[in-house]
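Visitor: I have the sequence and the coordinates open together, and I would like to go through them with you by question and answer. Where shall we begin?

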Amino acid sequence: LPLASSASATAELRMGCCGYLNAIAVGLIAYAAHYGYKEASSKPDYGPAYALPDWWWKARLPDSVSLIDASDAEGLKKVLFGGDPWLLQCYSGLPFAGQHLPRPYRVHPAFKDALGSMGGGVRGGLIDCEARLPSNKSVVQKLGLVRRTQPILVLANGGAAPKQLPSSAAASAQAISAWVAPKAEPRVLSIGTQKTFAATCGGKRPCLLAHLDADSGVLEALSRRFRTLEVVSLGEGAGAASLAWGRGEEIGETLEEDEARHFGKRVSLLLPDPDDLAERVAAKKAGNQKAARRAANPPRLLRGYVGDEDVPSLSAFVQEALRDAGSAVRRDGTDAFMRTPLPTLSRKKRAGDGAGKAGKGEGKAGKAGKAGKAGKAG
């Protein structure tokens, strides 16, 4: 009897332990189910899989999407300003739920489908927009992103300032493609005013200035090859734009030999002067506002081109000029560049335009005359 009672007690103890463990397991499963439902409900666009672990999502990233490390300053700079068009989706790497941002590695379906529809013309990337940059600002703060737009998408387009897609453009794959695709296409600019010219070629981006028509296949090919370059058509023949440099025949002087290699050419490259930029930054840090304000018309580096106006020849010219501009030794070479203020752009008026304006003037004069006669008759 003592043995029987002992065995019965052991069995009851085992049943009690098993029941206790089962209750714990059921509780954990219920909690996990509730957590998963709550997480999935918070981001319904991602589906029930939103609640799965980060490693699960990371292992299933589409081939069209790369992970961008926000802590890699040089790599991030290359993505944002390197030239290739990138469409970036933000996520939050914080250990708690990010404000309106999804958890890591969650790819929004509309983002994925939009990249597929653009056929590889735009590269896709995921980036932790809550990560701190060397400036101690988050990516959200640095780029001025609006958190409530979902998903948060940023277009980094060929060296221009990155732009966040508005909420209406991020609503579907079709809307994303319609907003991004035209902006990601390389462009050849045709500039008609000095104000636009200064805004385009007076900043940090180099400008290729060519007396070729805007629909030139050569300029289109160059705009595709050099995405960080502004390709500007000055036109040909009647209606072509002209640039006044304040040198040579413009002021009744003869250009020196080294000047004649660069000024007045059909094709030339105009770049910011790195030395001047460094001086202005140093002056600003030192509190010398007067020296810093002379950026209104900063000096540029000019290199003229003489040769065949085809894609291979002009590509070689641009590559060599950009390389030399990045080297202090080559930059200060005797014949490498000319330092010059930004030129003044003017566009010739076509004969038809003048006649049209004269006709309008005659029409106004005629109306004024009739009104005058009517007044006298009254």
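Visitor: How many of the residues of β11 are buried?

Guide: This is a predicted model, and in it strand β11 covers residues 300–305. On one side of the strand Arg300, Leu302 and Gly304 are buried, and on the other side Leu301, Arg303 and Tyr305 are buried, which leaves both faces of β11 covered. The strand is thus mostly covered, and the number of its buried residues is six of six.

Visitor: What is the order of the strands in the open sheet of six strands?

Guide: The pairing in this open sheet is mixed, and neighbouring strands are turned against each other by 30° on average, with direction ignored. Within the sheet, β10 and β11 pair in the antiparallel sense over six bridges, while β11 and β12 pair in the antiparallel sense over three bridges. Read across the sheet, the order is β6-β8-β7-β10-β11-β12.

Visitor: Which strands stand at the edges, with one side left without a neighbour in the sheet?

Guide: A strand that has a single partner strand is left with one side lacking a neighbour in the sheet, and this applies to residues 188–190 and to residues 338–340. The strands at the edges are therefore β6 and β12.

Visitor: Which residue in β12 is the bridge partner of Leu301?

Guide: Leu301 is one of the buried residues of β11, and β11 pairs with β12 in the antiparallel sense. On the side of β10, Leu269 stands opposite Arg303 of β11, whereas in β12 the bridge partner of Leu301 is Arg339.

Visitor: At about what angle does helix α7 run to β7?

Guide: Helix α7, residues 194–201, lies across β6, β7, β8, β10 and β11. Relative to β7, which spans residues 207–210, the helix runs at about 135°.

Visitor: Why is the disulfide of Cys201 and Cys207 left-handed?

Guide: Cys201 and Cys207 are joined with an S to S distance of 2.1 Å, and both cysteines are buried. The disulfide is left-handed because the torsion about its S-S bond is about -95°.

Visitor: How many residues apart are Cys90 and Cys129?

Guide: A disulfide joins Cys90 to Cys129, with S to S at 1.9 Å, and with -65° about the S-S bond this link is left-handed. The pair links distant parts of the chain, since Cys90 is in strand β2 and Cys129 is in the loop between β3 and α5, and their separation is 39 residues.

Methods
Residues numbered from 1 in each chain as written. Predicted model: local features only at pLDDT ≥ 70, side-chain atom pairs only at ≥ 80, totals over all residues. Heavy atoms only, no water. Disulfide = S-S within 2.5 Å. Helix = DSSP H or I, 4+ residues; strand = E, 2+ residues; numbered from the N terminus. Buried < 20%, exposed > 50% of the residue type's maximum accessible area, 1.4 Å probe, protein only. Pairing = 2+ DSSP bridges. Axes fitted to C-alpha atoms, helices over the stretch in contact; angles between N-to-C directions. Contact = heavy atoms within 4.5 Å.
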